[in-house]
Amino acid sequence: MSDVAQPANVDHHAPRKPLTKGARSVFWIMFSISLLNYLDRYVFNGSVNIISQELNFDLSQTGLVSSAFLIVYTLCAMPVGYWADKVKRKNVVALCVAVWSIATALTALATNFTTLFLARMLLGVGEAGYFPAGTALLSDYYSRSQRSRTMSSWSTAQLFGILIGLGIGGVVAGLFFGGWRLAFVFTGIPGLALAYLVWRVREPRRNEADEEEMALQAGRSEILPEPPQPSPALTEPTTEKAQDWRTSLLQGTQDLWKCCSVLMRIRTLVVLIIMQIFAFFVLGVNTNFLSIYLQQKDTFHFSSGLAGIYSGGIIVIAGIGGTLIGGYASDILNRRHAGARVLVCGIGFLLCIPAYFFAILADSVPLFTVFFIITAFLLTIYTGPSTAAMQDVVPARLRSTALALSLLIGHLLGDAFAPTLVGILATNFDPTGGQHYRQSMAGHELGAALLYTCIPALILAGLVGVLGAKWMGRDIQAALDTDEQDRLATAQA
């Protein structure tokens, strides 16, 4: 299979520069938003050990607070993603960025478990719609031949956000009692400026970059029209619809259900979602508990600041390498094997298993560091290829909905309850019923809980990716055929 994964009439030497006007500036705005997204999210992870001590949480409550964000994030992603396929995606991104920025700042006011739980839920509402809408927006600025590399480069922003979030959260929280509150205030404010910037960008036509590239390769020079404005039915309801909002809501629910039914018949999408469930589980519990694990006296007894900087730094160094190599390798292999993007993900997870096992069992900082770097490198290989693969096999008009559906299922079955599960498991492993954590001596129990849950998840993610790569070529062709039918129908209309 040599070229199955490429769009029709596009050769292997497609131009490296983006064709769509303004692509580079939009990329950097979205890069900054993605960085801030993960910074705001991981400030909590960097300071969670100090917050737990000040507010008197145990490991199970710490897991519950993390799950509060993920559950709301998961449930809101689907309707907001569907909405993004009907309106201007840049406006959805701008609104979501503004909401999560305000929620981050409000977290500083939390005084107990309940108020912190509610603040993290509000953060989940804001972040839910950004990723589906933002991914679909960026996908229409870059064609299929560049998409995996673009998504991988964009994904590195997440790693920088994790580094800064863990570092700021850990360092500021350790400065003085209640210091963690300042971290949430100052990391929430910049989002409002980025919300304005993305609101000002140009909304591309659906599938614009792919159409431009195919036109260029075919030697055509016609000027593609500007994207049409959304119809009034999708933006400003008429008087009749405003009077019968229940009918509109029912119709929207039925349309959403039909879209989901269509998407779940795409076998590669199902493979990616199943793989993502297990990947989210592993990534979710490790990013939530890594800082805590490093600070326990029976492991490495790091300070709060050192744990945040150390874990964030290694995640960035190894993660950038894994993310970029995964994207470039899958783009290169994609020229010869249609399922390369899914296959690369599966192989990365399988190779990660021994590295993760030896990292948790390591009893010295140098040994842990070596295996932790290898683990972070292999875990992040899947990021760009899986996102690009999902956009490749789904028709352009359903890309935001597809991302939202994958987030809904992936988070709900993957990491939404994972921190709670691991926290409860670690507490049950503690013969003192949770006192080890209050004495910062819960490293062994937490490590055991991570091994018992994450190793099986990595095995399943890897096998699903390797075995499920075979369907991608046919699914890409089906998506291309659907896009062409949609283009012709729009032209005739």
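A disulfide is counted here when two cysteine sulfur atoms lie within 2.5 Å of each other. In general terms, a disulfide is a covalent bond between the sulfur atoms of two cysteines. In the present structure, which is a predicted model, application of this rule gives a count of 0 disulfides. Cys-96 illustrates the result: this residue takes part in no disulfide, and the nearest cysteine sulfur, which belongs to Cys-76, is 9.2 Å away. Because its relative accessibility is 7%, Cys-96 is classed as buried. Cys-345 is likewise classed as buried, with a relative accessibility of 1%.

A further cysteine, Cys-260, is located in helix H12, which spans residues 245-263. The relative accessible area of Cys-260 is 13%, and the residue is therefore buried. When neighbours within four places in sequence are set aside, Cys-260 is in contact with Met-78 and Leu-405. The pairing with Met-78 brings together residues that are 182 positions apart in sequence, whereas their C-alpha atoms are 9.8 Å apart in space.

The chain as a whole contains 22 helices and 0 strands. Of its 493 residues, 59% count as buried. Contacts across the sequence were also examined. Among contacts between residues at least 6 apart in sequence, 85% join residues at least 24 apart.

Burial is also evident at the level of a helix. Helix H5, formed by residues 130-139, has 10 of its 10 residues buried, so this helix is largely enclosed by the rest of the structure. The buried residues of H5 include Tyr-130, Phe-131 and Pro-132 at the start of the numbering, together with Leu-137, Leu-138 and Ser-139 at its end. Between these, Ala-133, Gly-134, Thr-135 and Ala-136 are buried as well.

The packing of helices was then considered for three pairs. The axes of H1 and helix H3, the latter comprising residues 89-106, come within 11 Å and cross at roughly 30°. An angle under 35 degrees counts as roughly parallel, and H1 and H3 are therefore roughly parallel to each other. Their crossing is left-handed. On the H1 side, the contact involves Met-30, Ile-33, Leu-36, Asn-37 and Asp-40, which meet Val-93, Val-97, Trp-100, Ser-101 and Thr-104 of H3. By residue class, this contact consists of 6 nonpolar, 3 polar and 1 charged.

The second pair consists of helix H14 (residues 304-333) and helix H15 (residues 340-361), which pack at an angle of about 135° with their axes 8 Å apart. This angle makes H14 oblique to H15. The crossing of these two helices is right-handed. The contact is formed by Gly-326, Ser-330, Asp-331 and Leu-333 from H14, and by Ala-340, Arg-341 and Val-344 from H15. The residues in this contact of H14 with H15 comprise 3 nonpolar, 2 polar and 2 charged.

H15 also packs against helix H16, which covers residues 365-379, at an angle of about 160° and with the axes 8 Å apart. Angles over 145 degrees count as roughly antiparallel, and H15 is therefore roughly antiparallel to H16. The two helices pass each other in a left-handed crossing. In H15, the residues Gly-348, Phe-349, Leu-351, Cys-352, Ala-355, Tyr-356, Phe-358 and Ala-359 take part; they meet Phe-368, Phe-371, Phe-372, Ile-374, Thr-375, Leu-378 and Leu-379 in H16. The residues of this contact are divided into 13 nonpolar, 2 polar and no charged.

Finally, two loop residues were noted for their backbone angles. Most residues other than glycine have a negative phi. Asn-56, although not a glycine, has a positive phi of about 65°. Asn-56 is placed in the loop between helix H1 (23-55) and helix H2 (59-84). With a relative accessible area of 52%, Asn-56 is exposed. His-301 is also not a glycine and has a positive phi of about 55°. The position of His-301 is in the loop between helix H13 (267-295) and H14.

Terms used: Residues numbered from 1 in each chain as written. Predicted model: local features only at pLDDT ≥ 70, side-chain atom pairs only at ≥ 80, totals over all residues. Heavy atoms only, no water. Axes fitted to C-alpha atoms, helices over the stretch in contact; angles between N-to-C directions. Helix = DSSP H or I, 4+ residues; strand = E, 2+ residues; numbered from the N terminus. Parallel < 35°, antiparallel > 145°, perpendicular 65-115°, else oblique. Left-handed = near helix turned anticlockwise from the far one by under 90°. Contact = heavy atoms within 4.5 Å. Nonpolar A, V, L, I, M, F, W, Y, C, P; charged D, E, K, R; others polar. Buried < 20%, exposed > 50% of the residue type's maximum accessible area, 1.4 Å probe, protein only.
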